[in-house]
Amino acid sequence: AKIAELQKYRAMQQLAKEYAVQEIRREEEEEYNRNYAVRKAQLAKAEEAERRLHNQKIRHRDSLKQSINQRDAQRKESQKTFVTSGHEYVKKSAAELRNLNQVKARKIEELRGLGVPEKYLAELDKFDPEMALLNDYKLGAAAPKFS
């Protein structure tokens, strides 16, 4: 009877030991799962922060590119306007000089018709309006304004 009782206690000890081992295993598994969930949440949060930072950098880069492109377009437009105004000025000044030369030719003809001696007309004929304007400009006069 003592052996049966010892075997019974031995079986109870084994059951208790198995139960304790299972309980320890269950607690360790629960702790592992908790730690895993916390770590997974931390990684997700870090990835989200990194993604937000990356998107912010992309937006900033795109903003800089847009700003650079706008300034470049403005500069090109300004340069185009400047060149166009230069061409217009050249056309206006050429037209004004043609007009001055026509006035000079008409005046010479009028003076010939009035009988002015040729030596005075030759001096008027040598007069070059373009050179006169250029010399005035070189001497400090304002650039000619043709309107």
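**Note on a predicted all-helix model**

1. Met131, Leu134 and Tyr137 together make up a nonpolar patch on the surface, and their combined accessible area is about 280 Å². This patch, like everything that follows, is read from a predicted model. Of the three patch residues, Tyr137 can be placed in helix α3, which covers residues 129–138. Tyr137 counts as partly exposed because its relative accessibility is 47%, a value that falls between the 20% limit for buried and the 50% limit for exposed.

2. As to the overall architecture, the protein has three helices and zero strands, and the order of elements from the N terminus on is α-α-α. Helix α1 takes in residues 2–113, helix α2 takes in residues 118–126, and helix α3 takes in residues 129–138.

3. The global dimensions deserve a separate remark. The radius of gyration of the protein is 51 Å, whereas a compact globule of 147 residues would have one near 15 Å. Along the principal axes, the C-alpha atoms fill a box of roughly 170 × 25 × 15 Å. How much of the protein is made up of buried residues? The share is 5% of the 147 residues, and the surface that the protein exposes amounts to about 13500 Å², of which carbon and sulfur atoms supply 56%.

4. One of the buried residues is Ser93, which is located in helix α1. Ser93 is classed as buried because its relative accessible area is 14%, and the cut-off that applies here is under 20%. A polar atom of the Ser93 side chain lies 3.0 Å from the backbone oxygen of Val90, so that this distance is within the 3.5 Å allowed for a polar contact.

5. How many aromatic pairs does a search of the whole structure find? The search finds one, and this pair is formed by Tyr32 and Tyr36, which are stacked with 6.2 Å from centre to centre and 20° between the planes. The description as stacked follows from the angle, because planes under 30 degrees apart count as stacked. Tyr32 and Tyr36 are four residues apart in helix α1, which means that about one helical turn separates them. Where accessibility is concerned, the two partners fall into separate classes: Tyr32 counts as exposed at 55% relative accessibility, while Tyr36, with a relative accessible area of 49%, is partly exposed. The dividing value between these two classes is 50%, and a reader may wish to keep the percentages of Tyr32 and Tyr36 beside the labels.

6. Turning to charged side chains, a search of the whole structure finds eleven salt bridges. Glu48 takes part in a salt bridge with Arg51, in which the closest N and O atoms are 2.3 Å apart, and in a salt bridge with Arg52, in which the closest N and O atoms are 3.6 Å apart. Both distances can be set against the cut-off of 4 Å for a salt bridge. Arg51 and Glu48 are three residues apart in helix α1, about one turn of the helix, and Arg52 and Glu48, also in helix α1, are four residues apart, again about one turn.

7. What are the accessibilities around this shared Glu48? Glu48 itself is partly exposed at 31% relative accessibility. Arg51 has a relative accessible area of 45% and is therefore partly exposed, and Arg52 is placed in that class by its 49% relative accessibility.

8. A further salt bridge joins Asp62 and Arg61, with 3.1 Å between the closest N and O atoms. Asp62 is partly exposed at 37% relative accessibility, and Arg61 is partly exposed with a relative accessible area of 42%. Elsewhere, Glu23, Arg26 and Glu30 are connected into one network by salt bridges that share partners.

9. Finally, Asp125 belongs to helix α2 and is partly exposed, because its relative accessibility is 48%. Where does Asp125 stand in relation to Ile108? The two residues are 17 residues apart in sequence, and their C-alpha atoms are 7.4 Å apart in space.

Definitions and conventions. Residues are numbered from 1 along each chain as its sequence is written. This is a predicted model: local features need pLDDT of at least 70, side-chain atom pairs count only at pLDDT 80 or more; totals for chains, interfaces and linings use all residues. Side-chain values use heavy atoms; hydrogens and water are left out. Patches are made of residues with over 30% relative accessible area and no salt bridge: like charges are joined within 9 Å, nonpolar side chains (Val, Leu, Ile, Met, Phe, Trp, Tyr) within 5 Å. Accessible areas come from the Shrake-Rupley method with a 1.4 Å probe; for residues, only the protein chains shown count as cover. Helices (H or I, at least four residues) and strands (E, at least two) are DSSP runs, numbered from the N terminus. Buried means under 20% relative accessible area, exposed over 50%, partly exposed in between (1.4 Å probe, protein chains only). A polar contact is a pair of N or O atoms within 3.5 Å; within protein, one must be able to donate a hydrogen and the other to accept it, and residues adjacent in sequence count only if both atoms are side-chain atoms. Rings of Phe, Tyr and Trp (its six-membered ring) pair if their centres lie within 6.5 Å; planes under 30 degrees apart count as stacked, over 60 as edge-to-face and the rest as tilted. The radius of gyration is taken over C-alpha atoms; the globule rule is 2.2 Å times the number of residues to the power 0.38.
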